[in-house]
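Q: I'd love a close look at the charged pairs in this model, and then at what surrounds them. Could you walk me through it?

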Amino acid sequence: MVAITNDEANTLAAKLEALAANPDLLAGLTDDNARRRLREASRKLSIAVEIKGDTINRICYLAATLALGKVGTDHGIFEALAGAKAPLSNTEIAEVTKVDPILMKRLLRFYQSQYIISQPGEDAYAANNVTRALGSPEGKAAMDHNYASINPAVLALPEFFLSQPSPTNPTDPLHCAFQVGQKTDLHPFEWGAKRPELQATFMRFMTSQREGLPGVFDAIDFEVEFFQVGAGGADTPLFLDIGGGVGHQALALKTRYPGLVGRVVLQDLPPVIELAKGLEQPGFDGIEVMPHDIFTEQPVKGSRVYYLRNVLHDWPDHACIQILQNLNPALGPDSVVLVDEIAAKERTLAEWEAIVGDSGFAIDRVMQYTAECEDCVLVLKSRGPQYRPARLRVGRTAAELQAAFLRLMMAQNEGQKAIFDAIDFEAEFFQGSAAGVDTPLFLDIGGAGGHQALALKARYPELRVILQDLPLVIEHAESWARGAPGRDGVLSERDGPWAAAQFDIVMMASFAAKERTPAEWKTVVRDAGFVVDRVVRYSEENGDSVLVLKQRA
């Protein structure tokens, strides 16, 4: 494509200006994909032709747009314009809204500069599609929610990252920009639960996010896809809306399938359930409500569908794994888990596959139902009950999380072939020279709960075995393993490294085939001053391997 000329640019600009000035010309745009393409192309072009000053002003005034937009919703400015049958003057708007005319003039000038309102004359102001959106109840709820709940955390991001010597991806909801911006030590959900007026605003906002777009029940026939397997009666759980807020999706399902026989259950935290029960929602009496914490085991067993819409996007990967693991014991042979998310924008398919796999599930298929938001449903099926939940919950201390992690580590390898089943350590490594009771023979570095050290002691009771890890981990390892067979024979070191011992053999046990290729391991090992002497695989199930390393001469 050749470069555009000035004349061509003026011709294109004139056509775009005509379309913007006469919205009726867009009425024939019935193809949603065509409308979306035109919108995105216009935005990209607008940014592509910016000069430096344009870009700086656009970015720097974003906060002002939200703040002054909230002034407009708070004082009914947009609502007044949206309800008027003809353009209004500055004085007329000021009188209706009880705002000082001088201030009103300044506000209107800003709104017009951001295309939030139209100005057909010197002292004439009218609503456009943006004005009508912000002047609606949903627009006001969105402004209130983002200004009070989200924006303080967003504006605190620079302070939060500058407080770290080397900024890292935040994964702890108790230590992130939210606490800095809101000046609290509470979890965001706990903070919101203490503010029922904001909770109600948030729920209204959630209902408006995809207004006018296809819903999941428009694109997927749940009755055919998920509810036809086996016989079921009125007591059969069919649809479990987990973290479903005030029940919009559960209601949409009941509306779509009014003759559905079986239980439709809404689960969320107690304050949200109470809010849902207090709303006037036609058809809600046919929905069961149940307070539930997603970080505890699922109490409803054997539901055909366990549905999570926009739940997992609130949590880091390790928390998503725990949430899904808590569902696994509840699943029946005909159960599926549906994860309904903005898949392409928040996590890639590969990232979802990793989370789902680590949770004990597999992605059976992916069903996209909007092009606008790239909403997708991931249909998950369990790989079996071998993955046990560590039973994490919101608000647990670091110590409790560490203890839960140790329990999870034990459960993950249960029933799998162990390293000491495949390799005779006494013959391979402990026969090289004379050793006394004080000779350190096995140093389990970063050994967490000491499972491997205990396994070695059980097989070779006379050996001196040392477990090393961080102080908090060692503390919980000692507490957890108190009374375990052979525990007294494992020495614990809290700080490491244990520099007094000289070892001429290093072993690295890892999911070698899954995490790094042999070539990658060789590079890592070489750069550390070692060579790979041999590779011993001891589990085909997980690809577990031991790399036997020796120091380079």
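Which residue forms a salt bridge with Arg39, and how far apart are the closest N and O atoms?

A: Happy to. A word on the ground rules: this is a predicted model, where local features need pLDDT of at least 70 and side-chain atom pairs count only at pLDDT 80 or more, while totals for chains, interfaces and linings use all residues. Residues are numbered from 1 along each chain as its sequence is written, and side-chain values use heavy atoms, with hydrogens and water left out.

Arg39 pairs with Glu40 in a salt bridge (a side-chain nitrogen of Lys or Arg within 4 Å of a carboxyl oxygen of Asp or Glu), and the closest N and O atoms are 2.8 Å apart. Side chains of opposite charge can pair when their charged atoms come close. Both partners are partly exposed, a label for relative accessible areas between the buried class (under 20%) and the exposed class (over 50%), judged with a 1.4 Å probe and protein chains only. The value is 24% for Arg39 and 27% for Glu40.

The structure holds 17 salt bridges. One of them joins Arg256 to Asp218, with the closest N and O atoms 2.3 Å apart. That pair links distant parts of the chain, 38 residues apart: Arg256 sits in helix α16 (residues 248-256) and Asp218 in helix α14 (residues 216-219). Helices here are DSSP runs of H or I with at least four residues, strands are runs of E with at least two, and both are numbered from the N terminus. Arg256 is partly exposed at 41%.

Another salt bridge runs between Arg365 and Glu225, at 2.9 Å between the closest N and O atoms. Here strand β8 (residues 361-368) supplies Arg365 and helix α15 (residues 222-225) supplies Glu225, 140 residues apart. Arg365 is partly exposed at 30%, as is Glu225 at 32%. Elsewhere, Lys70, Asp74, Lys140 and Asp144 are linked in a network of salt bridges.

Now for the nonpolar side. The largest nonpolar core (buried Ala, Val, Leu, Ile, Met, Phe, Trp, Tyr and Cys residues joined through side-chain atoms within 4.5 Å) has 30 residues. Helices α14 and α16 are among the elements that each supply at least two residues of this core. Phe222, one of the residues with the most contacts inside the core, touches Val216, Phe217, Phe227, Phe239, Leu253, Tyr257 and Leu338, not counting residues up to four places away in sequence (contact: heavy atoms within 4.5 Å).
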